[in-house]
Amino acid sequence: MYKLEKRIKLEQDDNIENANKKIDDLHHTLHTSICHINSLHNMSKLGLQDLEEARTEFKKNFAKEKTVTPSMKEDVGEKTRISIEETEAEITAIRNALDVIQNIRALQEERKLLSNEPRNTRRGVLMAQLQEAAKCTPLWIGGPNDCKPPLCGALPAAAKHEIVVGSKVAAKVDGAGENEPPNWILAKFVSYDSANMCTVEDIDAVDLTKAKISLNRKRVLPLPQWRANPSEDGDALHSEGSTVMALYPQTTCFYKGVVASIPEGPSDNYIVLFEDATYPNGMSPPMQVAQKYILAFDNKPDKNPSAATASTSKKGSSKSGSKAKSKKDMATSKGKRKR
């Protein structure tokens with residue numbers, strides 16, 4: 001599990017040099033962790049071999065003597081206890097190493113925000129990066145007595161969840177026109193600004209001077225932090241037939257859809273039918289969407305319709321989700337969202 005409370009993060013006065021230093025330190029920690037894991041693995045492997053030999057000898061003696069002596073029971077019991085402890089130590093070390101990897105990725109995203117360098121990513125590359133990010137979302141693997149954490153699969157965030165700087169979120173922004181409804185876009189979380197406001201960055205903005213948007217906190221939703229394993233944690237998945245907000249393929253906008261089928265394996269995607277009036281039955285063909293980019297459908301009306309404003313200029317900062325242009329046309333064009 002990603003230990004958020006132990007995460008190393010950038011401070012307000014940190015610069016690129018400090019960010020690089022923290023990332024390098026974590027790389028060193030990861031290298032040390034991997035060496036430790038290798039040592040523990042060799043130890044547990046030998047322990048299991050000793051246990052198997054003891055069990056084999058136990059079976060032979062029982063077959064011959066038709067009895068179980070206290071020394072035989074004690075020997076097998078002790079070696080079983082040792083093997084369990086060594087295996088648990090190896091599992092803990094692996095989990096800690098995975099936590100370090102997640103921390104490195106989070107710091108790298110924070111460093112990108114700190115550098116404030118102009119993005120020069122082609123749309124095809126951006127789409128590939130989003131899919132890769134979905135694949136790299138850690139799979140929740142809990143112990144026998146572990147409860148699934150918030151934001152595992154379809155589970156909601158905790159009541160006082162704090163979004164990590166640099167992480168991707170779903171942000172509800174105003175439509176480009178006065179009569180156009182708000183839209184849910186994929187954005188990067190930048191900062192908490194006050195008790196009720198925060199700043200996000202549109203990851204697909206054309207005009208980078210208007211990429212950062214100030215929003216009411218209620219208009220920003222964290223994405224799942226862990227993938228749920230269907231065979232172990234199926235109750236943490238959206239059920240078939242449920243209404244969701246999902247990232248339309250080859251775009252950076254979330255749209256209303258219905259889950260047609262859930263993932264069969266931990267690396268599989270949902271199959272979603274999107275609402276789309278341009279199709280005869282009002283629904284799109286089945287489309288694959290990763291666990292990372294599916295949220296429970298937001299049907300709460302806006303109490304404050306003007307809760308989203310660009311940090312420099314509101315006009316032209318938000319993306320239009322107007323259905324005058326179909327989603328399938330938007331997905332195939334270079335610029336999915338109308339500006």
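In this predicted model, strands β2 (residues 183-192) and β7 (residues 253-261) run antiparallel and are joined by two bridges. Within this pairing, W184 stands opposite F254 of β7.

Strand β7 also pairs with β6 (residues 243-247). The sense is again antiparallel, and the pairing extends over five bridges. Here L247 is the residue that stands opposite F254 in β7. F254 thus has W184 as an opposite residue and L247 as another. β6 and β7 form a hairpin. Five residues lie between the two strands. One of the turn residues, Q250, has a positive phi of about 65°.

A further pairing links β7 to strand β8 (residues 270-274). These strands are antiparallel and share four bridges. In this pairing, V259 of β7 stands opposite V272 of β8. Strand β7 therefore pairs with β2, β6 and β8, since two bridges are enough for a pairing, and the bridges number two with β2, five with β6 and four with β8.

Aromatic contacts were then examined. A search of the whole structure returns four aromatic pairs. One of them is formed by Y248 and Y255, with ring centres 6.2 Å apart and ring planes at 80°. The pair is classed as edge-to-face because the angle between the planes is over 60 degrees. The centre distance also falls within the 6.5 Å limit for a pair.

Both tyrosines are buried. Y248 has a relative accessibility of 2%, and Y255 has 9%. Each value is under 20%, so each residue counts as buried. The two tyrosines belong to one aromatic cluster, together with F274.

Y255 is followed in sequence by a residue with another kind of ring contact. The charged end of K256 sits over the ring of F297. The distance to the ring centre is 4.8 Å.

Values for the whole chain complete the description. The secondary structure of the protein chain comprises five helices and 11 strands. The chain has 339 residues, of which 39% are buried. Contacts between residues at least 6 apart in sequence were also analysed. Of these, 64% join residues at least 24 apart. The exposed area of the protein chain is about 19200 Å². Carbon and sulfur atoms supply 53% of that area.

Notes. Residues are numbered from 1 along each chain as its sequence is written. This is a predicted model: local features need pLDDT of at least 70, side-chain atom pairs count only at pLDDT 80 or more; totals for chains, interfaces and linings use all residues. Side-chain values use heavy atoms; hydrogens and water are left out. Rings of Phe, Tyr and Trp (its six-membered ring) pair if their centres lie within 6.5 Å; planes under 30 degrees apart count as stacked, over 60 as edge-to-face and the rest as tilted. Buried means under 20% relative accessible area, exposed over 50%, partly exposed in between (1.4 Å probe, protein chains only). A charge sits over a ring if NZ of Lys or CZ of Arg is within 6 Å of the ring centre and within 35 degrees of the ring normal. Contact means heavy atoms within 4.5 Å. Accessible areas come from the Shrake-Rupley method with a 1.4 Å probe; for residues, only the protein chains shown count as cover.
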